[in-house]
Amino acid sequence: MPSRSATAGPFNRSWGAYAFLAPALLILFLSLLLPAIATIGMSFTDISFLRPANWVGLDNYFRLMADGRFQQAIGNTMYYTLGVTFPTMALGLLAAVALNRKFPFRIVFRTIFYLPVLTSLIAAAVVWVYLYEPYSGPVNGLFVSLGLGPQPWLSSPNLAMMALIIMAVWRDFGTAMIIYLAGLQDIPEEIYEAARLDGASKFSILWRITVPMLGSVTFYLMIILIVQSFQVFGAIYVMTGGGPLGSTETIVFQMYQTAFGYTEFGYSAAMSTVLFFVILLFSLVGTKIMRRGEG
Amino acid sequence: MAELELSGVSKTYGAFNALKDVSLEIADGEFAVFVGPSGCGKSTLLRLIAGLDPVSEGQIAIGGKDVTSRQAGQRPIAMVFQNYALYPHMSVYDNIAFPLQMERRPKDEIRAEVAKAAQIVQLSTRLQDKPSKLSGGQRQRVAIARAIVRKPGIFLMDEPLSNLDAALRMEMRSELTQLHRRLGSTMVYVTHDQLEAMTMADRIVVLNGGKVEQVGPPMELYHNPANLFVAGFIGSPPMNFLAGTVRSAEGATVSVEAARIGVVTLPFSGEHLSAGDSVTLGIRPEALELGAGRQVQFSVVPEAVERLGLHTIVHAGEEGRPFTALFNGDPKLRAGEAINVSVDGASVKVFDADGILRSRRAEV
Amino acid sequence: MEKQNKTGLNRRQLLLGVAAGSLTLGLGGSIGRAFGQDQQLVFWSQFAGSKRVAGEALEAAFKEAHPERNLVSTLYAEPPQLNEKILTSINGNTAPDLFVQHWDYNLTYAAADRMLDLGEALSVSIDDLDPSLLAYGHINGAQYSVPMYGTSRGIGFNRAHVVEAGLDPENPPKTWAEFRDWAIALTKRQESGFLERAGFSLFHNDLEAWEVFTLFLQGAGGKLLNDDLSAPSFAGPEGVKALTFLKGLLIDDRVSDLGFGLGPGGLASPFNTARAAMIIAGNYSTNNALRAGIEFAVAPIPMENGGFTSLVDPFCYAIPRDAKNIEGAVAFVEFALSPEQQVAFAVESKNVPVLKSAQQDPAVQADPYLSKFVETASYAPQEAPAIPAFSRMVTIIARAVQEAMFGRASVEDALSAAAAEVQTILDRG
């Protein structure tokens, strides 16, 4: 009897725990699992919510494979995700390291850097549309005063995605900073002192001590940023509507258009399922890289 | 290999004076121990020497060179921290190699140096492990090895044994002593434990309230504690103190009347004392003998008797003031039964009203 | 281990219980919703933005005239938002009795046979309504959707710019050649080439890209689709001519910059900030332009060699086939199509009324802009590209137009690729 562990114990011994878990499980089941299963199921149909649905097997997936616009959306999404994730983490880390030191008004700086996270996405997007305005916007004003020519930020197929990425980094790096700051608090001061005594430069301390010791934080951040970036929608909806020339059309944007614009919910569900597995794949690969780094 | 010279070193944090005008010389190859109660400034002093904190005033010279304004990494020192401060994400090898890598030494050389240091601390088989897989003692050895590879002029150790259990601490004490002998480098060791100080130090620096109370070899501090603070801090069990008044101070003897022991005449020069002065008598527990065999005799009533085999400790406090006696062997004593004890007059220390030792013995 | 399975629930049983519980809750919810709405007339409105005041007045008038109908209305800010609600509600059996929506969405619902044939249900005479607007609600041989009003398209121009350029605002272009001359004359560039003012700003989003192409396609004598709407016809010689002309304006004549003004418009659009002298304008342009202090004027859109063309874009009522209060919904639509309400709505919202008699009402004609748009509406074709896949066709054509403009493809290739794509969608049905 004493050898029996708590997790293997009979249900009625831990019924209290299950009773407390049940409401959460119920909500999770209703809000996450059920829709997810339904979506995967729908991806094998031509459901439109208007006509009787037919089972079409893998047709939606075959269609996706040949759909040039979907492939463009995947490419755009990857570009956006990589473009947002890594600069966000790098800037967040630098801001966190800088603001982890004690100096006057650092709480003010922390607040300023975190503010973009708190702004409403739509409001921020509208402001950035103004900032990017090619003829009278401040961004081009800055470019011109630096002697660089004005750029057609949101109206060029070559620049629009970059412009969206810059805005996303501006919005997200505060989150990265806060998470990195929390991670930095866990590194004992003595370790830095030991490194200083060992003759490490500031850069070496950052690169050899701080960054590796924040490894698990970095991984966590990377996963949430990738997942979040893969699902970008609001900013694109407001700022470019997927254009110009589909250069900012991402998977979720196309899903929305396909489902609600074209009432092809089955096809859209197949896109969503592909997106789900792509995100899953990224998470798994990320975990693997992380484990190897630790081992 | 280097000597250390502190002159007029002070450190203030806002209005708080952590260190006040500390001047000190530590010779090349010497094992110096900074000891004192917590908050006495010993760790602060070590951090100033290391260069982790800047001095507020004064100079620090190592090997004859003023290093006061040099960064931590630019001083010829290495430090072992209380919590080891190992890099948890690096293997034992990389931990030890880190300072050499920072110096951009060739890979082969680093490998050889790490192997040598690992051998000294007996960790050659654990080089690929992460610190989390090691025991406390092993982690401490890694920290020591990391210090060794730098070939520093001075080793700084900040309470390095305080996180180890008693048995391991004893073992590490002797290992550190051996290491010191083997490397021959200067060591500055901080502890709050007077036993560590006594067993390891060539010279002890006793600090209290940010000031140096006394500097000297362990036996000098034991036999001639400069003042009441040092007398109470060095020695275990601590010295017994009895309040008294000088009856007469003439020539080579001083006559004192004190609680418990009445009037006694002690064999030392009374040139700094005069009749009527308040003094404190200090008697080491181990200086007391059972019976009336010595010059100063009195009786005590044991409250508790601790038998340790090799010796026996008797607690006989009175009116809230502790009093202990330590006898060799295992004499037949019982709590509550009065016993006669005696002590050599020459072993009784006399401190004046300012707490300064006035019964200095020359022959140590 | 054996014992625990008998004495209590195991984890799997618990999860099954949770699942069953959730389904029960869901079922209970939909049963509950079926009660207590019998007497209401549920109306989902998209009379938002510039037509909000007019919509509110219409509803208030209906409530006063028919208090027994118990009108309950909900306002949706954007057509896509209302679309999301309708799609889910039709599926969840919670659809309203009546809604008013941009016409192309209604076709989607109608194509799936979810809407009532209003041609039969309404006692209004269809002949009294503007046929070019009505065409957008006609699909599969029935009138599933009936317009309240439409917007029409003309050339919007800045009178001050026109005068400044030495052109006669009372004598706007009548051919493409004249239009081109105007566009060139109205363009202002600095020596560096920096565009100070576009002579003609072609489009600012996908919908406008489609629109400007369609208008010039019609101007060249072409149409988007063939007569029975079964195949695209925009990639023919007329389409090529139209797109080549537009591309020439942009690339050769440099009357604007590539991507100029692309993005969300409103008050900050190039025209409203006096940075474009001409645009394709609709009724909705009037208020923003006037509010921005622009000397706004409207002219009909010239065809290549004389004559005018236009587009109309209606907002239409539709009644779900399974609506609970069809009678009430029909009453509301008939009320809204009455001459007084048509005139009142048109004057307030500056939109073209669907009722032909209302279009000629003195109150409507008294408004200088509204009367102009009523006139341009008369140049619109009598038939409409009323297919359920309309919005997708818009996206495809807009993409083709921009590919040609940005030089990613030749005019011919861009159009024929788009036509092939549209054909695939039409074939899929």
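How far apart are the nearest C-alpha atoms of chain B and chain C, two chains that do not touch? They are 35 Å apart. Keep in mind that this is a predicted model. Here's a quick tour, from the chain contacts to chain A on its own and then the domains of chain B.

**Who touches whom**
- There are 2 pairs of chains in contact, and chains A and C share the most contacts of these.
- Chain B and chain C make no contact with each other.

**Chain A**
- If you like helices, chain A has 13 of them, and its strand count is 0.
- Read from the N terminus, the element order is simply α-α-α-α-α-α-α-α-α-α-α-α-α.
- Along the principal axes, the C-alpha atoms of chain A fill a box of roughly 80 × 70 × 30 Å.
- Of the 295 residues in chain A, 37% are buried.
- Take the contacts in chain A between residues at least 6 apart in sequence: 68% of them link residues at least 24 apart.

**The domains of chain B**
- Chain B splits into domain 1, covering 4–232, and domain 2, covering 237–351.
- Measuring between C-alpha centres, domain 1 of chain B and domain 2 of chain B lie 38 Å apart.
- Where these two domains meet, domain 1 of chain B puts in 4 residues and domain 2 of chain B puts in 6 residues.
- On the side of domain 1 of chain B that touches domain 2 of chain B, you'll find 2 nonpolar residues, 2 polar ones and no charged ones.

Key
Residues numbered from 1 in each chain as written. Chains lettered and ligands numbered in written order. Predicted model: local features only at pLDDT ≥ 70, side-chain atom pairs only at ≥ 80, totals over all residues. Contact = placed C-beta atoms within 7 Å. Helix = DSSP H or I, 4+ residues; strand = E, 2+ residues; numbered from the N terminus. Buried ≥ 20, exposed ≤ 12 C-beta atoms within 10 Å, placed from the backbone. Domains from an automatic or database assignment. Nonpolar A, V, L, I, M, F, W, Y, C, P; charged D, E, K, R; others polar.
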